[in-house]
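Here is a quick walk through one protein model. Have the viewer open while you read.

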Amino acid sequence: MSKTLPTVLVVDDEVRSQEALRRTLEEDFTVFTAASAEDAAAIMAREWIHIVLCDQRMPGASGVQFLAEVRDKWPDAVRIIISGYTDSEDIIAGINQAGIYQYLLKPWQPEQLLLTLNGAAEMYRLQSENHRLSLDMKVAEPVMRQRVAGQRQAVARQYAVSALLRAPDSPMNAVCALVEKVARLDVPVLLTGESGTGKELLARGLHLASPRAEAAFITENCGAVPDQLLESELFGYKRGAFTGAYEDRVGLFKQADGGSIFLDEIGETTPAFQVKLLRVLQEGEVRPVGAPRPLPVDVRVVTATNRDLEADMQAGRFREDLFYRLAAITVHVPPLRERTMDIPLIANAFARELASVQGGAFEPLDREVLACLCAYRWPGNVRELRNEVLRMAALADGTRLRAADLSPRVLRAAEADDEPELNLLAGLDGDLKGRLEMLEARIVKESLIRHRWNKTRAAKELGLSRVGLRNKLSRYGLEKN
């Protein structure tokens with residue numbers, strides 16, 4: 001595909017000068033020539049001219065007069081004067097009236113002429129690109145506004161409090177109802193509960209249900225950074241405030257201005273930092289490190305902790321005045337072991353999520369897997385549950401997630417859940433024979449769970465025949481329903 005050359009209109013009443021300019025320019029430009037301003041105007045009317053190279057002194061209209069007309073009728077064309085005279089009045093008139101790009105003197109040098117016209121061609125290209133982008137932005141503005149609104153609605157649906165997975169009889173129902181109620185009140189909220197229970201999800205849902213939903217939601221883990229760094233992250237700093245501060249930095253509080261900020265693990269902060277945070281809450285302003293004056297901020301503060309802050313207050317580790325500033329409303333998030341009815345919903349949702357990432361699909365979790373998951377106490381809560389589903393998905397050979405691929409600690413919990421039943425089977429005499437039988441029953445049950453109740457594999461692992469294994473299952477009442 002051949003490249004389209006920029007167009008140049010040479011206006012000069014001397015034919016030899018026209019030809020000399022044409023020979024110099026025709027390799028890099030498409031050249032048109034005219035001997036007068038009248039002829040040049042006719043060419044401008046029918047051709048798309050990028051650059052006008054015009055002699056100053058011609059019969060009839062001068063170069064400045066013609067270029068002033070070009071400026072009015074064809075303002076995109078780049079205008080250049082070429083003249084053998086250095087009259088300052090001509091130069092000033094060319095700049096003021098015609099808006100010329102360059103004023104060239106005769107005799108001209110080919111290299112300098114080409115350099116000037118290539119620069120003029122680039123100027124025309126940039127002007128055209130800028131004009132096109134301006135038009136695109138005007139056309140795209142409503143489309144972009146609609147797209148942003150659609151994305152915001154999708155995020156609101158995904159992270160809404162009502163979208164949190166929970167059973168009809170889950171303790172989380174009361175928690176979610178409370179969060180949705182207090183979201184409308186512009187007051188600080190403290191979320192308490194163990195790590196991994198979903199406090200950040202609730203904080204985001206609270207923000208999206210609040211009047212500040214259109215503004216920013218900023219998060220910071222206060223337990224992950226030391227005091228000095230936390231102060232500069234939250235409040236910002238000025239250039240030169242400390243070693244490594246090579247430029248001004250806007251703090252997270254200022255970034256969240258008009259919106260909400262979520263401070264996780266607030267109980268891990270030191271009393272020294274707590275004093276500075278208290279001032280922000282009291283005064284509604286932050287002072288960047290090294291700044292001469294504070295900056296006003298309008299932010300809703302949502303905090304979270306897995307500690308007992310009231311005990312920390314009594315021990316002097318947490319300021320009482322800050323606690324009451326942060327805990328205008330306290331919401332406790334129950335651990336996963338207190339809402340086992342939610343585990344099947346959450347685990348299956350994780351399985352679907354992982355399947356979509358892998359580009360496949362998993363079958364719904366069977367009763368054996370769910371029984372093992374529900375028997376475990378989940379010290380890591382929802383975060384640990386997700387890891388277990390991820391482990392099963394990684395080890396799966398097909399579309400079915402197996403109980404045998406669960407972590408040993410989860411399988412042991414499922415076995416321990418049946419211990420009362422095994423104790424009854426072993427009898428109440430407590431002699432050596434009874435204890436050995438109880439231990440044997442546990443070993444057989446654990447092997448069966450690990451092999452998803454595949455009796456052939458379990459018998460092979462235990463060194464038994466299928467008949468021998470069947471006899472033990474019957475003896476201990478371990479036949480699977």
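What follows covers a sheet, two residues in helices, and the cysteines.

## The model

Keep in mind that this is a predicted model.

## The parallel sheet

Let's start with the strands. Five of them make up an open sheet, with parallel pairing, and the order across it is β2-β1-β3-β4-β5. At the edges sit β2 (30-34) and β5 (102-105), each of which pairs on one side only. Ignoring direction, neighbouring strands in this sheet are turned by 20° against each other on average.

Zoom in on one pair: strand β1 (residues 7-11) runs parallel to strand β3 (residues 51-55), and four bridges link the two. If you want a register to pin this on, Val-8 stands opposite Ile-51 in β3.

## Ala-68 in helix α3

Next up is helix α3, which spans residues 63-73 and holds Ala-68. Is Ala-68 buried or exposed? Its relative accessibility comes to 16%, and the cut-off for buried is under 20%, so Ala-68 counts as buried.

Which residues does Ala-68 touch once those up to four places away in sequence are set aside? They are Gln-97 and Ala-98. For a sense of distance, try Lys-181: Ala-68 and Lys-181 are 113 residues apart in sequence, and their C-alpha atoms are 68 Å apart in space.

## Asp-312 in helix α11

Asp-312 has its place in helix α11 (residues 309-314). With a relative accessible area of 4%, Asp-312 falls under the 20% cut-off and is therefore buried.

What does the side chain of Asp-312 make a polar contact with? The partner is the side chain of Arg-317, at 2.7 Å. Arg-317 also turns up in the wider contact list: leaving aside neighbours within four places in sequence, Asp-312 is in contact with Arg-307, Arg-317 and Phe-318.

## Cysteines without disulfides

How many disulfides does a search of the whole structure find? The count is zero. Cys-372 is a handy example: the nearest cysteine sulfur belongs to Cys-374 and lies 9.5 Å away, and Cys-372 is in no disulfide. A disulfide needs the two sulfur atoms within 2.5 Å, so a separation of 9.5 Å rules out that pair.

As for accessibility, Cys-372 is buried, at a relative accessible area of 3%. Cys-54 is buried too, and its relative accessible area is 0%.

Definitions and conventions
Residues numbered from 1 in each chain as written. Predicted model: local features only at pLDDT ≥ 70, side-chain atom pairs only at ≥ 80, totals over all residues. Heavy atoms only, no water. Buried < 20%, exposed > 50% of the residue type's maximum accessible area, 1.4 Å probe, protein only. Polar contact = N/O pair within 3.5 Å; in protein donor to acceptor, adjacent residues only side chain to side chain. Contact = heavy atoms within 4.5 Å. Pairing = 2+ DSSP bridges. Axes fitted to C-alpha atoms, helices over the stretch in contact; angles between N-to-C directions.
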